[in-house]
Amino acid sequence: MALLTACCESGRDLAVRRLLQRSGWTAARVMGLSCLISAALTLPWLLLAPGGWPSDGTRLLLALAAGGLVNALAFWAYGRALARGDLSLVLPLINLSPLVLLFSGWWLLGERPAPAALAGVALLVLGALLLGRGTGGGLPLLSSPGARSMLVVAVLWGLGAAFDKVGVNAGGSLTWVVLFNLVVAVPLLAPELTGSGGGTARLAAAATSEGLLLLVLLCGLTGAVGMVCQMEALRQTAVVHVIAIKRLSTLMSATVGVTLLDEPRGGLRLPAAALMLAGAIAVLNAAR
């Protein structure tokens, strides 16, 4: 399940990047539509599935409130990063999210990092340094387009990693996927829908007139399948195992960027992505 999630994440990365490039839409519109379609595609399965109401509505609502706020901002920053930077440069930075968990536990709870976690940190730092050399032009990594936005995503996803587990346990995988995507989509699309001139009509007309409907549906479909698989995996094993396997998508997408999209300096960026992935897995496994 987690491996399928990684494949879907990589497919969505490519679809979102294409949609952003071809449509000229804002990151908020693209990510909001993706989440809205993911919710719409998952809803029929939820209605047909047995199980009834969530087992713990209070915990579900609390997880939605906290997770929705964090992830709406994270998805917006994620779309901006994909729009402004190469896949092979910005996506490996997501692997820094376990550092947030590691340092928050150390700072807030006094938990001393295990030796394996420290080794993982060293790999992450080494990978980030190598990735910085892959920016080209002698520019530091943080000055490259999209890198700062993706660092925001890494921090927010590190902080919000536990909300998915709480939501799935309280309401079930399908319920959480539908409600989560709706809660994230609403603030992202609200400016479009409340603006002057009929935002809903403009969205529909733009999708059909520019031939972008297929890309929009692909973003939503890969997002829905990937998230359902991730939530089912969370029901069966620990969060750290699922996230560690899911992070394979960063290396997959970086490889696609170099091989299919002709992004430059692949000889530096792909080894950097592999090092950062290994570091993230080491940090996550040390947190078991």
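1. Asp262 in this predicted model is exposed, at a relative accessible area of 64%. That value puts Asp262 in the exposed class because the class starts over 50%. Asp262 sits in the loop between helix 13 and helix 14 (266–286). Its phi is positive, about 60°, although Asp262 is not a glycine. As background, most residues other than glycine have a negative phi.

2. Arg265 belongs to the loop between helix 13 and helix 14 as well. Here too phi is positive, about 60°, and Arg265 is not a glycine. Its accessibility class is partly exposed, with a relative value of 39%. A reviewer checking backbone angles should find Asp262 at about 60° and Arg265 at about 60°.

3. Gly24 also has a positive phi, of about 75°. Its position is just after helix 1. Helix 1 covers residues 2–23, which is 22 residues. Does its length fall in line with the expected rise, or out of line? The end C-alpha atoms of helix 1 are 31 Å apart, and 1.5 Å a residue gives 32 Å, so the two agree.

4. Helix 6 can be put through the length check too. It runs over residues 115–133, 19 residues in total. From first C-alpha to last it reaches 28 Å, close to the expected 27 Å. Which residues of helix 6 are buried? They are Ala117, Gly120, Val121, Leu124, Gly127, Leu130, Leu131 and Gly132.

5. On overall make-up, the protein chain has 14 helices and 0 strands. Read from the N terminus, every element in the order is α. Of its 288 residues, 50% count as buried. Among contacts with a separation of 6 or more, 84% link residues 24 or more positions apart.

6. Asp86 gives one example of such a long-range pairing. Asp86 is placed in the loop between helix 3 and helix 4 (87–90). Its C-alpha is 9.0 Å from that of Val258, although 172 residues separate the two along the chain. Beyond four places in sequence, Asp86 is in contact with Arg17, Glu263, Pro264 and Arg269.

7. Leu174 gives another. Leu174 is part of helix 9 (residues 173–194). Leu174 and Leu47 lie 127 residues apart in sequence, with 9.3 Å between their C-alpha atoms. Leaving out residues up to four places away, Leu174 touches Thr42, Trp45, Leu46, Ala49 and Val228. Leu174 is partly exposed, at 22%. It misses the buried class because that class needs a value under 20%.

8. Next, the nonpolar core. In soluble globular proteins, nonpolar side chains tend to be buried together. The largest core here has 65 residues. Which of them touch the most other members? Tyr78, Leu82, Met150 and Trp176 do. Helix 3 (residues 57–84) supplies the largest share of this core, 11 residues.

9. Tyr78 deserves its own point. Setting aside residues up to four places away in sequence, Tyr78 touches Glu9, Arg12, Asp13, Met31, Leu91, Ile94, Met150, Val153 and Trp157. Tyr78 is also one of the residues lining the largest cavity.

10. How many cavities of 30 Å³ or more does the structure hold? It holds 1. The largest cavity contains about 50 Å³ of space. Its lining consists of Glu9, Asp13, Tyr78, Leu91, Ile94, Trp157, Arg247, Ser249 and Thr250. Helix 1 and helix 13 (248–259) are the elements that give two or more residues to this lining.

11. Last, the cysteines. The structure holds 0 disulfides. For Cys7, the nearest cysteine sulfur is that of Cys8, 6.9 Å away. Cys7 is in no disulfide because a disulfide pair needs its sulfur atoms within 2.5 Å. Is Cys7 buried or partly exposed? Cys7 is partly exposed, with a relative accessible area of 42%. Cys219, by contrast, is buried, at 1%.

Conventions: Residues numbered from 1 in each chain as written. Predicted model: local features only at pLDDT ≥ 70, side-chain atom pairs only at ≥ 80, totals over all residues. Heavy atoms only, no water. Helix = DSSP H or I, 4+ residues; strand = E, 2+ residues; numbered from the N terminus. Expected span 1.5 Å × (residues − 1). Buried < 20%, exposed > 50% of the residue type's maximum accessible area, 1.4 Å probe, protein only. Core = buried A, V, L, I, M, F, W, Y, C linked by side-chain atoms within 4.5 Å. Contact = heavy atoms within 4.5 Å. 1 Å grid on protein atoms, 1.4 Å probe; cavity = no way out; pocket = protein on both sides within 12 Å on 5 of 7 lines; lining within 4 Å. Points joined across faces, edges and corners; volume = space filled by probe spheres on them.
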